[in-house]
Amino acid sequence: MYLNAAAERRDYRALALADSDGSLVAHASSRLDARAIAAVAPYAQESAPSNSGLVGLVTRGHDLRVWDVNVSGSQYYLAAVGGSELPPSEAERALRRILN
């Protein structure tokens, strides 16, 4: 529910939550393959949006942003395709509510 609302509010084409292995934990409804986005999330650079190589194939040429999120000692990655920047603190608070 939160991911769908966040994706709509920030105009994301896709939004996926992955664990440290790149497995899909949760996602917003999208035409893009959320499992593929989750799989590349742990390897994508947090500092710069990426849309080339394998990432470009997965995102169909749109930028991928990935934020590291630590919840109760477990590492997760929030991956967004397109849209505007989501403040990591907002994402981390919401994901803590979802995962705890």
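I take a residue as buried when its relative accessible area is under 20%, and I keep in mind throughout that I am reading a predicted model.

**Entry 1, Thr59.** I looked up where Thr59 sits and found it in helix α3, which covers residues 53-59. Is Thr59 buried or exposed? Its relative accessibility comes out at 0%, so with the cut-off of under 20% I enter Thr59 as buried. I then followed the side chain of Thr59, which reaches the backbone oxygen of His62 at 2.7 Å. Setting aside the neighbours within four places in sequence, I listed Leu32, Leu64 and Val81 as the residues in contact with Thr59.

**Entry 2, the sheet.** I next traced the strands and noted an open sheet of 4 strands, with antiparallel pairing and the order β2-β1-β4-β3. Which strands stand at the edges? I found β2 (24-27) and β3 (64-71) there, and because each has a single partner strand, one side of each is left without a neighbour in the sheet. For the turn between neighbouring strands of this sheet I noted 20° on average, with direction ignored.

**Entry 3, β1 and β4.** I looked more closely at the pairing of β1 (residues 14-19) with β4 (residues 74-81), where the strands run antiparallel and are joined by 6 bridges. Within this pairing I marked Ala16, which stands opposite Ala79 in β4.

**Entry 4, helix α1.** Finally I asked which strands helix α1, residues 2-10, lies across. I recorded β1, β2 and β4, and for the direction of helix α1 I wrote down an angle of about 140° to β1.

Technical notes. Residues are numbered from 1 along each chain as its sequence is written. This is a predicted model: local features need pLDDT of at least 70, side-chain atom pairs count only at pLDDT 80 or more; totals for chains, interfaces and linings use all residues. Side-chain values use heavy atoms; hydrogens and water are left out. Two strands pair if DSSP finds at least two bridges between them. Axes are lines fitted to C-alpha atoms, for helices over the stretch in contact, and angles run from 0 to 180 degrees between N-to-C directions. Contact means heavy atoms within 4.5 Å. Buried means under 20% relative accessible area, exposed over 50%, partly exposed in between (1.4 Å probe, protein chains only). A polar contact is a pair of N or O atoms within 3.5 Å; within protein, one must be able to donate a hydrogen and the other to accept it, and residues adjacent in sequence count only if both atoms are side-chain atoms.
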